[in-house]
Amino acid sequence: MIPVSWYLVLTLFLFAIGAFGFIARRNVIIMLMCIEIMLNAVNVTLVALGRGLAHTTAHVLVFFIIAVAAAEAAIGLALVVLLFKKTREIHMDEFRTLKG
Amino acid sequence: MWSSLPSFVAVYPETLLVVVASVMALVDRWITRKAVFTWATIVTALLALALVFLTQGTTFGHAYAADQYGVFFKTIFLLVLFLVALLAPGYNQLLGINFGEFYALLMYAVTGMMLMASTRDLILLYLGLELMSLSVYVLVGLLYAELRSLEGAMKYFLLGSFASAFLLLAMAFLYGLTGTTNIEAIAKALLAANLSANKALFLSAALFVVAFAFKVALVPFHMWSPDAYEGAPTSVTAFMSVGPKAAGFAAMGRVFLIALAAAKTEWTQLLVPLAVLTMFTGAVLAVVQTNIKRLLAYSSITHAGYAVLGIIAGTKEGMAATMLYLFLYAFMNIGAFSVIVLMRRRNFLGENIFDYQGLSKTHPTVALLLLIFLFSLTGIPPTAGFIGKFFVFRAAFEAGHTALVILAVLASAIAAYPYLRIVMLMYMKPPEKEVEISLNPYIFAGLMFAVTGVLLFGVYPGPVIDFARACCTGFLP
């Protein structure tokens, strides 16, 4: 069996990729995808840890995270659609009404 | 264990809120008199408050506990709901957002906060946090015909979700270390296994600090807050400047003071620089603002910096001081936002601070009210703001953070300038333009309630601080 620590390393890499992408990219859709990558990195950790510890708690938490992520995506995409309709733009840099 | 239905008494207040909110969101289409929703919200808030004091016990397999600590925070949240329900109707009607969903979303957000305050399990903490955050993202974007509302909502949403991912990773590490998500069990496991020097525990504490710093807007994780505060409808800004912040502190108390008590030195080390940075950055940036909502956003960043001192102190007295601070902050901040709401007309935002010029000549009472709220935010006795600051500073001082308290006092000297500048504009400059005030019975009642709170607790804070201390007994040693 693959040891849990390997999964943890994988997770940290995935999480870092997501976090870096979120900071480096300005396209809102890509930023949303990066958040999903981060959340799924956490899911992988939890599943690995849950299996390592032979618990169900972690698996339950994973289901909750997936459900909440779906709700989050619904709100995020709704906002993107509204913004796009208004400005024809989905790059965060272009929204400069609020400043100071 | 599951053969009989468990008792749900502990979640009766939350159940009431969710049921009323869902009904309001559904029947909105058939009810033309929107005042019904305002009244329903006010009555539900008061009923839920009564229930909070009446219900006790735990439920969901001890994941949720209606304990004293939660009672104090729930009082704050329901007070905020009550005050915002009074402030909102006139303003929302003017902007065409006075519908059932507005009040329903407020109630969902409050439910999420209440779950955060009473949770004994990290899973429930996450769910409460998300219920609160998702509702508030939608509330910020409610004015979607205006670009700035959407932009504020988008920024808040992106950074809020980003922070949630950090929170989850922190929880995953803590779970991996201890094998449980129960907060008390985590504390015990960390002490028993002597993990206080563990690298993963440090990483988990750091991730928690980042996640909560985003939620309560500590510098350098505050970037979303001025934009979201300015873009949001003012009624929502009033709500989110107090409610989610207080909920964030409630969760911080549970996580840092209980679950991560073994890593106290580590998270204190991380929070102290954040607190200093927050107090100074908030104070300095507020000086250059000319939009009053943005100014109050930076002021609320500074205030989060003061409130975090109580958590840093890490004692019972410190937590009680933070709780008292948040309670008093609800009165003064929502009061100040009520005055901003008063200024709004159909074609006039009333958000520039120069709109307040000479207000004492044209509307002396409104100017006096704003003066009291601003003095309270500055921390001038005999207002509530002074009492709040005094107790947090004293708690931090008694816990041995002398340098931090000196810096906090310096920061509050800088922070006084922006408030006093508005006071100066109101009282020492002649009026430049005609300003109309849109007063209605609701907001009048709300303003009276807020100003009474600010003045009453400014001279007689005894009962509240005793109540806060009593609520922390049994929560902290």
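**Figure 1. The surroundings of B:Thr44 in a predicted model.** Leaving aside neighbours within four places in sequence, B:Thr44 is in contact with B:Leu16, B:Leu17, B:Val20 and B:Met107. The residue itself belongs to helix H2 of chain B, which covers residues 35-54. How buried or exposed is B:Thr44? Its relative accessibility is 5%, so B:Thr44 counts as buried.

**Figure 2. Where chain B meets chain A.** Let us pull back to the contact between the two chains. Chain B contributes 41 residues to this contact and chain A contributes 42 residues. Between them, the two chains bury about 3,700 Å², and 83% of that area is on carbon and sulfur atoms. Within chain B, the residues that lose the most area to chain A are B:Met154, B:Leu158 and B:Tyr175, which together make up 17% of what that side buries. If you like to start with the electrostatics, note that the rule finds 0 salt bridges across the interface of chain B and chain A. It does find 4 residue pairs in polar contact across that interface, both partners being at pLDDT 80 or more.

**Figure 3. The helices on the chain B side of the interface.** Which helices of chain B each supply at least two residues of the side that touches chain A? They are helix H5 (122-140), helix H6 (147-178), helix H9 (224-231) and helix H12 (292-313). The largest share of that side, 23 residues, comes from H6 of chain B. Sorted by class, the side of chain B that touches chain A has 25 nonpolar, 8 polar and 8 charged residues.

**Figure 4. Two annotated spans of chain A.** For chain A, an unreviewed UniProt entry lists residues 6-23, 30-49 and 61-84 under "transmembrane region". Here we look at two of these spans in the model. Residues 6-23 of chain A are 100% helix and 0% strand, with end C-alpha atoms 26 Å apart. Residues 30-49 of chain A are likewise 100% helix and 0% strand. For this span, the end C-alpha atoms lie 29 Å apart.

**Figure 5. B:Ser360 and a backbone oxygen partner.** B:Ser360 sits in helix H14 of chain B, residues 359-362. A polar atom of the B:Ser360 side chain lies 2.8 Å from the backbone oxygen of B:Met426. Not counting residues up to four places away in sequence, B:Ser360 touches B:Ala367, B:Met426 and B:Tyr427. B:Ser360 is buried, because its relative accessible area is 14% and the cut-off for buried is under 20%.

**Figure 6. Backbone geometry in the loop between H8 and H9 of chain B.** Most residues other than glycine have a negative phi, and most peptide bonds are trans. In this loop, which lies between helix H8 (199-216) and H9 of chain B, we find B:Pro220. The peptide bond from B:Val219 to B:Pro220 is cis, with omega near 5 degrees. B:Ala217 lies in the loop between H8 and H9 as well. Phi of B:Ala217 is positive, near 60 degrees. With a relative accessible area of 0%, B:Ala217 is buried.

**Figure 7. Two further loops of chain B.** The peptide bond from B:Pro381 to B:Pro382 is cis, and its omega is near 5 degrees. B:Pro382 is placed in the loop between helix H15 (364-378) and helix H16 (384-398) of chain B. In another view, B:His62 occupies the loop between strand E1 (58-59) and strand E2 (64-65) of chain B. B:His62, a residue other than glycine, has a positive phi near 65 degrees.

Notes: Residues numbered from 1 in each chain as written. Chains lettered and ligands numbered in written order. Predicted model: local features only at pLDDT ≥ 70, side-chain atom pairs only at ≥ 80, totals over all residues. Heavy atoms only, no water. UniProt positions renumbered as here; feature names shortened; annotations may be inferred. Helix = DSSP H or I, 4+ residues; strand = E, 2+ residues; numbered from the N terminus. Buried < 20%, exposed > 50% of the residue type's maximum accessible area, 1.4 Å probe, protein only. Contact = heavy atoms within 4.5 Å. Buried area = accessible area lost by both parts, 1.4 Å probe. Salt bridge = Lys/Arg side-chain N within 4 Å of Asp/Glu carboxyl O. Polar contact = N/O pair within 3.5 Å; in protein donor to acceptor, adjacent residues only side chain to side chain. Nonpolar A, V, L, I, M, F, W, Y, C, P; charged D, E, K, R; others polar.
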